[in-house]
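Visitor: Could you take me in for a close look at a single part of this one? I'd like to stay with one spot for a while and then see how the rest fits around it.

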Amino acid sequence: MSQDKMTHSKFTPFSSQTDSYALPERFTFPYYYAPHPLASLAMAELQDFLGNQQTWHHDFTKQGKMFAVLVVKNQQGELGYLSSFAGTITDSENSLRQAPDFFVDAIFDKQAHHRLFSHQESEIESLKSRIF
């Protein structure tokens with residue numbers, strides 16, 4: 001997978017040949033199954049990219065992270081995948097800004113959650129004091 005292919009879109013086309021793979025007919029149970037060979041190939045390509053890229057300065061050997069891929073076809077019928085990572089990927093805002101932009105957006109923003117909760121925490125404490 002080339003650096004160039006990975007930085008212009010959320011969709012990543014396979015850099016490996018995929019013509020010999022049969023597409024799955026349906027999703028499998030996500031917590032107890034053997035990954036489809038295309039999902040394994042997509043993850044191997046993502047791991048290769050992460051091991052060789054030079055723009056994201058995060059030491060994965062000191063702090064492991066969870067990544068995921070979803071095999072998809074784009075509107076042109078091209079087979080590829082979407083990549084994501086666990087929402088707590090970084091310890092700093094600067095590190096997050098360095099993350100490649102091909103990752104899909106996080107569904108949970110931990111920092112926004114903390115800001116919201118800290119704002120509502122005083123209201124919760126006030127209600128709690130009235131109850132007790």
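**A close look at A68**

Guide: Let's park ourselves at A68, which sits in strand β2. Keep in mind as we go that this is a predicted model.

Is A68 buried, partly exposed or exposed? With a relative accessible area of 33%, A68 is partly exposed, because the buried label needs a value under 20% and the exposed label one over 50%.

Now for the neighbours. Leaving out residues up to four places away in sequence, A68 touches M43, L46, L82, S83 and S84. For another residue to line up against, try Y81: it is 13 residues from A68 in sequence, and the C-alpha to C-alpha gap in space is 9.9 Å.

Next, the strand itself. β2 covers 67–73, and it is one of 3 strands in the protein, alongside 3 helices. If you walk from the N terminus, the order of elements reads β-α-β-β-α-α.

Strand β2 also takes us to the largest pocket, whose volume is about 800 Å³. The pocket has 28 lining residues, and the ones closest to its centre are F27, Y33, A39, L70 and V71. Two or more lining residues come from each of α1, β2 and β3 (79–85). Which of the elements gives the largest share of that lining? It's β2, with 7 residues. As for how one finds such a space at all, rolling a probe the size of a water molecule over the atoms shows where empty space is left.

Let's step along the chain to the loop between β1 (11–13) and α1 (37–52), where you'll find Y31. Y31 is exposed, at 72% relative accessible area. Together with F29 and Y32, Y31 forms a nonpolar patch on the surface, and the accessible area of the three adds up to about 500 Å².

On the other side of α1 in sequence, the loop between α1 and β2 is home to H57. H57 counts as exposed too, with a relative accessibility of 57%. H57 makes a nice pair with A99: they are 42 residues apart in sequence, yet their C-alpha atoms are 8.3 Å apart in space.

If you're after charges, how many salt bridges are there? The count comes to 1 salt bridge. It joins the side chains of E125 and K128, with an N to O distance of 3.6 Å, so the pair falls inside the 4 Å cut-off. Both residues belong to helix α3 (residues 110–131), where they are 3 residues apart, or about one turn of the helix. E125 is partly exposed at 41% relative accessibility, and K128 is partly exposed as well, at 39%.

Finally, zoom out to see the whole thing around A68. The protein has 132 residues, and 24% of them count as buried. Its accessible surface is about 9,800 Å², with 55% of that belonging to carbon and sulfur atoms. Among contacts with a separation of 6 or more, 58% are between residues 24 or more positions apart.

Definitions and conventions
Residues are numbered from 1 along each chain as its sequence is written. This is a predicted model: local features need pLDDT of at least 70, side-chain atom pairs count only at pLDDT 80 or more; totals for chains, interfaces and linings use all residues. Side-chain values use heavy atoms; hydrogens and water are left out. Helices (H or I, at least four residues) and strands (E, at least two) are DSSP runs, numbered from the N terminus. Buried means under 20% relative accessible area, exposed over 50%, partly exposed in between (1.4 Å probe, protein chains only). Contact means heavy atoms within 4.5 Å. Accessible areas come from the Shrake-Rupley method with a 1.4 Å probe; for residues, only the protein chains shown count as cover. Patches are made of residues with over 30% relative accessible area and no salt bridge: like charges are joined within 9 Å, nonpolar side chains (Val, Leu, Ile, Met, Phe, Trp, Tyr) within 5 Å. On a 1 Å grid over the protein atoms alone, a cavity is a set of points where a 1.4 Å probe fits but cannot get out, and a pocket is an open set with protein on both sides within 12 Å along at least five of seven lines; lining residues have an atom within 4 Å of a point. Grid points are joined across faces, edges and corners, and a volume is the space filled by probe spheres set on the points.
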